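The following exercises ask the reader to examine a protein model step by step. Please attempt each task before reading its solution.

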Amino acid sequence: MKPLKSIRVQLIAIVLLCYLAPTLILGEYMGNVFFADMRAKTETALSSSVEHAYTLSLQSVERAVSLAKEATYDGELGDICSAYEAGSLTSAEFLRQSRSYIERKYSRETLFTFALYYPISDPSMLVYSRSGYEETVRYLREANETVLAACEELDTRCLFIEVQGQVYLVRNLMNLRLERFGLLVLGVNTGRLLADVQALSSAWDGDVQVMLGQSGTCDADWDMRPEGLCELSREDKLTYTCRKRTSDYDFALLLSVSQDRIYGEIRAFRRLMTGLFVLLVPILALVLLYVRKRIIRPISLLSQASERIEAGELGVTVPMHGSDELGQLGRAFSKMSLRIEELIDRTYKEEIALRDAKIQSMQSRINPHFLNNALENLNWEARLEGSQTMTDMVESLSILLNACMGRANRRMVPLAEELEVARAYCYFVSLRYGDRLRIHDEFDEGAMNAVVPLLTLQPLLENAVQHGIEPAGGGEIHLSGTRAGDLLALQVVNSGKPLDENDRERIRLAMAGDNQDGHHLGLANICTRLRLIYGGRARLFVHPDAQGRTVVQLEIPLKEEET
């Protein structure tokens with residue numbers, strides 16, 4: 001029982017209890033209650049979303065089937081066909097009345113792209129909705145034979161059939177004697193029919209599979225899938241399946257979502273909590289080290305010193321120099337011990353050793369002027385060695401570096417200075433392409449003092465080289481600048497690869513600020529800066545000219561540099 005009375009054991013037990021008790025309770029709650037509740041709510045939300053989308057889509061399918069059945073139930077087409085076969089109606093009157101029915105019944109229905117009907121006795125009397133002419137032509141070209149073959153064995157049921165990506169709803173029209181008198185074909189608008197399914201896929205970022213076909217045509221793979229929520233641990237996926245079988249069709253919906261997508265936040269939170277618990281271990285060690293150093297060790301020193309004084313050893317001191325209560329107690333104990341020794345031996349010894357060390361670290365930054373000085377040294381060495389090409393390259397690089405480093409934080413610069421940067425870039429490009437590239441410029445002298453946004457010409461030249469000259473293996477670039485009233489017109493014309501439709505679309509998206517694919521970043525950057533600086537007063541055009549060359553034209557308000 002003596003170790004239990006030790007203050008060292010008691011303090012360590014208190015610290016461990018303060019760590020272990022909350023950790024175990026919180027871990028038990030998080031593992032068995034919180035995470036389980038979060039998982040159940042997530043799965044419930046997934047199930048509700050799938051069931052809702054499935055119900056709405058099923059209602060659309062039921063409506064499509066109901067509309068197809070009404071062509072038989074209301075009897076209008078049957079009466080028209082009987083009158084035509086009996087000779088009571090002419091061909092023209094038959095077509096007029098049949099088309100009127102088709103238009104009235106299906107032309108405004110968004111579930112269908114077109115409606116087509118013809119009597120079995122005379123297939124040449126084809127009737128279709130006026131708005132669905134193109135879809136009707138496609139059906140006759142691609143799916144008519146397949147549908148006719150399938151309808152030979154079809155009774156009074158409806159048939160969903162897919163041909164080359166297009167779904168058709170087909171129904172044999174029967175009279176009261178259950179004799180087939182006509183065929184109705186409805187082009188299914190799958191985008192409208194399955195709009196809620198597509199929204200489900202976007203909402204959960206998962207894969208959606210839909211099966212819509214003739215009753216009894218579900219393949220084995222669909223039959224093996226269990227309905228409802230199913231966890232595929234081997235594939236790390238969570239699936240939810242809904243299926244309905246009727247006499248007219250089989251309809252099934254499957255949503256497959258990655259478990260990382262569903263449980264990602266839960267797993268991340270679990271890892272975070274685990275990391276926090278693990279992180280508490282070194283914190284606990286530091287706390288134990290602190291308790292040992294600042295509490296247990298000073299008390300032990302005081303206890304040992306008291307025992308030494310009790311044994312007759314005078315002048316005992318304890319190395320306790322902290323500013324807390326134990327430190328004050330230790331200093332007072334040492335002073336008392338020394339005072340007792342002085343009174344007895346008439347000697348007083350005091351030794352204090354204080355050392356302070358301060359270490360300061362200096363950080364140095366690279367000044368941009370250092371780069372310029374280094375380039376000047378390289379240029380001087382190149383001149384001494386007589387290397388004109390190296391001299392020109394260093395001078396051009398120095399110009400480009402000065403431009404990229406901000407030019408004294410100016411956002412607007414004279415055209416003459418911007419042209420100097422453009423020519424420096426052209427020099428490097430000319431070294432790369434040699435005789436395969438010809439670059440020349442033509443600028444009005446009166447326009448050289450006009451101010452333009454920083455780094456305007458160089459990105460246009462880089463865009464021309466990257467998207468025009470490089471794909472073509474060479475060509476010609478013409479750079480010009482003129483004054484046009486109160487506007488400054490800048491042009492970059494390249495004879496490289498001509499623009500095609502894809503190029504024009506990418507350029508349009510980039511200039512509109514929607515360049516998610518990363519193409520034409522230079523044009524997008526320039527357009528953004530023009531909008532910020534000039535509002536709607538500046539314009540940028542990209543178009544081909546009569547010779548097929550690509551022209552990039554920039555028009556900005558004319559403003560000369562202030563003295």
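Four exercises with worked solutions follow, and the model they concern is a predicted one.

**Exercise 1.** Determine whether L200 is buried or exposed, and state which residues L200 contacts beyond its sequence neighbours.

*Solution.*
Step 1. Locate the residue: L200 belongs to helix α8, which covers residues 195–204.
Step 2. Apply the cut-off: a residue is buried when its relative accessible area is under 20%. The value for L200 is 4%, so L200 counts as buried.
Step 3. Set aside the neighbours within four places in sequence; L200 is then in contact with S49, V50, A53, L253 and L255.
Step 4. Consider one of these partners, V50. Although L200 and V50 are 150 residues apart along the chain, their C-alpha atoms are separated by 7.0 Å.

**Exercise 2.** Classify I507 as buried or exposed.

*Solution.*
Step 1. I507 is part of helix α16, residues 501–511.
Step 2. Its relative accessibility is 7%, and therefore I507 counts as buried.
Step 3. For a distance along the chain, take L523: it is 16 residues from I507, and the two C-alpha atoms are separated by 7.8 Å.

**Exercise 3.** Describe the open sheet of five strands, and explain why β11 and β15 stand at its edges.

*Solution.*
Step 1. Recall the principle: strands of a sheet pair through backbone hydrogen bonds, in a parallel or an antiparallel manner.
Step 2. Write down the order, which is β11-β13-β14-β16-β15; the pairing is mixed.
Step 3. Examine the ends: β11 (437–443) and β15 (539–544) each have a single partner strand, so one side of each is left without a neighbour in the sheet.
Step 4. Add the twist, which averages 10 degrees from one strand to the next.
Step 5. Inspect one pair: β14 and β16 (residues 550–557) run antiparallel and are joined by eight bridges. Here V493 stands opposite V551 in β16.
Step 6. Add the helices. Helix α14 (residues 415–433) packs on the sheet and touches β11, β13 and β14; its direction makes about 170 degrees with that of β11. Helix α15 (residues 457–472) lies across β11, β13, β14 and β16, at about 150 degrees to β13.

**Exercise 4.** State which residues line the largest cavity, and which elements give two or more of them.

*Solution.*
Step 1. A search of the whole structure finds one cavity of 30 Å³ or more. The largest cavity holds about 40 Å³ of space.
Step 2. Its lining consists of E476, I477, H478, V493, N494, S495 and R549.
Step 3. The elements that give two or more residues are β13 (475–484) and β14 (487–494); β13 gives the most, with three.
Step 4. By character, the lining divides into two nonpolar, three polar and two charged residues.

Technical notes: Residues numbered from 1 in each chain as written. Predicted model: local features only at pLDDT ≥ 70, side-chain atom pairs only at ≥ 80, totals over all residues. Heavy atoms only, no water. Helix = DSSP H or I, 4+ residues; strand = E, 2+ residues; numbered from the N terminus. Buried < 20%, exposed > 50% of the residue type's maximum accessible area, 1.4 Å probe, protein only. Contact = heavy atoms within 4.5 Å. 1 Å grid on protein atoms, 1.4 Å probe; cavity = no way out; pocket = protein on both sides within 12 Å on 5 of 7 lines; lining within 4 Å. Points joined across faces, edges and corners; volume = space filled by probe spheres on them. Nonpolar A, V, L, I, M, F, W, Y, C, P; charged D, E, K, R; others polar. Pairing = 2+ DSSP bridges. Axes fitted to C-alpha atoms, helices over the stretch in contact; angles between N-to-C directions.
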